[in-house]
Amino acid sequence: MKIAIIGTGYVGLTSGVCFASKGHSVKCIDVIEEKVDLINSGKSPIFEEGMDELLTDVLGKGLLKATLDAKNAINEAEVVFLCVGTPSSDDGKINLDYIKSAAKTISENLNNHKVIVVKSTVVPGTTINVVKPILEESGKSFGICMNPEFLKEGSAIKDFLNGDRIVLGVDSKNTEEIMRNVYTNFPQEIFITNPTTAEMIKYASNSLLATKISFANEIGNVCKKLGIDSYDVMDGVGLDKRLSRSFLNSGAGFGGSCFPKDVKALLHKGLEVGEPMTLLKSVLKVNDEQPLRLIELLKKHINPEGKNIGILGLAFKKGTDDIREAPSLIIIDELLKLKANIFAFDPKAMEHIKKLYPNINLMNNAQEVVDNVDVVMIVTDWDDFKNPELYSGKIVIDGRRIKTNAEVYEGICW
Ligand code: UDX
């Protein structure tokens with residue numbers, strides 16, 4: 001099938017490359033020329049396991065092309081995906097500016113019947129009440145679908161091709177049929193519903209996963225005080241199939257481009273319709289405070305003022321260069337307030353951190369950090385940090401449960 005995708009961020013590019021790998025002919029539209037050129041040269045603008053290889057493969061087969069020419073790509077397509085960003089405003093409310101402008105671009109270029117698919121994460125009601133009316137301005141016939149993504153950064157391609165389910169919120173049987181053709185040859189179970197329910201499925205999924213993490217952190221914080229290992233506790237809890245062990249790892253808290261933003265957006269929507277949203281408020285509160293617990297543990301052992309403090313791990317999790325909402329940022333800000341000298345390393349996120357904090361000492365590897373500091377704080381569980389000998393003779397404050405031979409070892413929830 002001929003597919004056009006607006007937006008070449010994480011979701012757009014992963015979707016494009018994966019659809020092309022299944023034999024569809026894909027045009028990825030973006031407004032940034034450098035990004036388009038980079039993609040067409042076989043280089044992914046984002047770091048993602050396996051992306052460059054798959055991208056090169058589908059480019060070679062002529063199944064994918066990035067383009068600035070939205071009109072042509074939309075005109076040719078049978079299905080158009082909206083994969084633009086939906087950032088949070090300062091108060092947590094979702095910002096739909098990119099969605100509206102992408103919908104307008106489609107509306108202005110609709111030439112024959114197509115299915116328009118919202119893949120961006122949007123609050124319930126957006127597809128029907130915001131996107132659809134803009135498309136209707138075209139006066140042309142179209143079908144509409146909301147198809148949330150469930151990709152994890154670092155395993156986005158695997159999740160896209162082999163995830164647990166595909167949710168299709170469709171407006172008609174005809175749209176359903178076209179969308180089933182898009183996902184022919186995908187092994188996942190397909191769940192059919194309406195667009196607004198599909199939007200809520202995405203928010204409910206992410207909010208429940210975030211809730212599991214904050215729950216594990218709250219239990220973990222009590223465990224710490226009682227001398228109990230919260231990982232052992234969750235290993236025991238997770239044996240109950242109703243609960244499952246996944247997303248119960250306590251630590252420095254959740255970050256990234258989805259959980260914090262999506263929980264805030266759902267919270268905001270709930271408040272807007274008069275619900276108190278007691279649980280999700282607490283989920284965010286636990287998470288905001290969690291990285292600061294590492295600083296409290298640090299202060300138990302040393303006054304950070306004027307001291308050399310190491311941070312291992314700056315990305316919000318291992319396997320990505322993404323630092324959005326990373327716990328490391330809260331820790332760096334707090335250490336700077338306390339006038340510590342920071343020495344930091346991350347295998348992938350250094351460039352992004354350098355732009356935000358040009359004045360902290362960014363080292364070439366974990367060993368260089370350790371050699372320069374009195375105390376090491378572990379904030380992301382990269383494999384590079386898993387050599388216990390690395391920490392010999394040091395004080396270690398661990399937010400990610402790495403085994404060390406440290407002189408003094410303090411785990412956040414164990
Ligand atoms: C998440 C969802 O998993 C995915 O389905 C959705 O489409 C996008 O948001 P992602 O943000 O890539 O994916 O990362 P994920 O692996 O889910 O981790 C999110 C955060 O939670 C990370 O900061 C991670 O360190 C933290 N986490 C995860 C924990 O602290 N404990 C856990 O047990 C699991």
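**Exercise 1. Identify which polar side-chain atom lies 3.3 Å from an oxygen atom of the ligand, and then describe the ligand's surroundings.**

*Solution.*

Step 1. In this predicted model, the 3.3 Å distance to a ligand oxygen belongs to a polar side-chain atom of Glu149.

Step 2. Backbone atoms are considered next. A backbone N or O atom of Gly255 lies 3.0 Å from an oxygen atom of the ligand, and for a backbone N or O atom of Phe150 the corresponding distance is 3.4 Å.

Step 3. The cover of the ligand follows. Taken alone, the ligand exposes 660 Å², of which the protein buries 90%.

**Exercise 2. Describe the shell around the ligand by its residues, their classes and their origin.**

*Solution.*

Step 1. There are 19 residues around the ligand, and those that come nearest are Leu151, Glu153, Asn249, Gly255 and Lys317.

Step 2. Sorted by class, the shell holds 9 nonpolar, 4 polar and 6 charged residues.

Step 3. Helix α9 (residues 195-226) gives the most to this shell, namely 3 residues.

Step 4. Domain 1 (2-193) and domain 2 (226-411) each supply at least three residues of the shell.

**Exercise 3. Explain why the second largest pocket lies between domain 1 and domain 2.**

*Solution.*

Step 1. The lining consists of Tyr10, Pro45, Ile46, Asp321, Asp322, Ile323, Arg324 and His352.

Step 2. Both domain 1 (2-193) and domain 2 (226-411) give residues to this lining, so the pocket lies between them.

Step 3. By class, the lining comprises 4 nonpolar, 1 polar and 3 charged residues.

Step 4. The space in the second largest pocket amounts to about 230 Å³.

Conventions: Residues numbered from 1 in each chain as written. Predicted model: local features only at pLDDT ≥ 70, side-chain atom pairs only at ≥ 80, totals over all residues. Heavy atoms only, no water. Near = heavy atom within 4 Å. Polar contact = N/O pair within 3.5 Å; in protein donor to acceptor, adjacent residues only side chain to side chain. Areas by Shrake-Rupley, 256 points an atom, 1.4 Å probe, with all protein chains shown as cover. Helix = DSSP H or I, 4+ residues; strand = E, 2+ residues; numbered from the N terminus. Nonpolar A, V, L, I, M, F, W, Y, C, P; charged D, E, K, R; others polar. Domains from an automatic or database assignment. 1 Å grid on protein atoms, 1.4 Å probe; cavity = no way out; pocket = protein on both sides within 12 Å on 5 of 7 lines; lining within 4 Å. Points joined across faces, edges and corners; volume = space filled by probe spheres on them.
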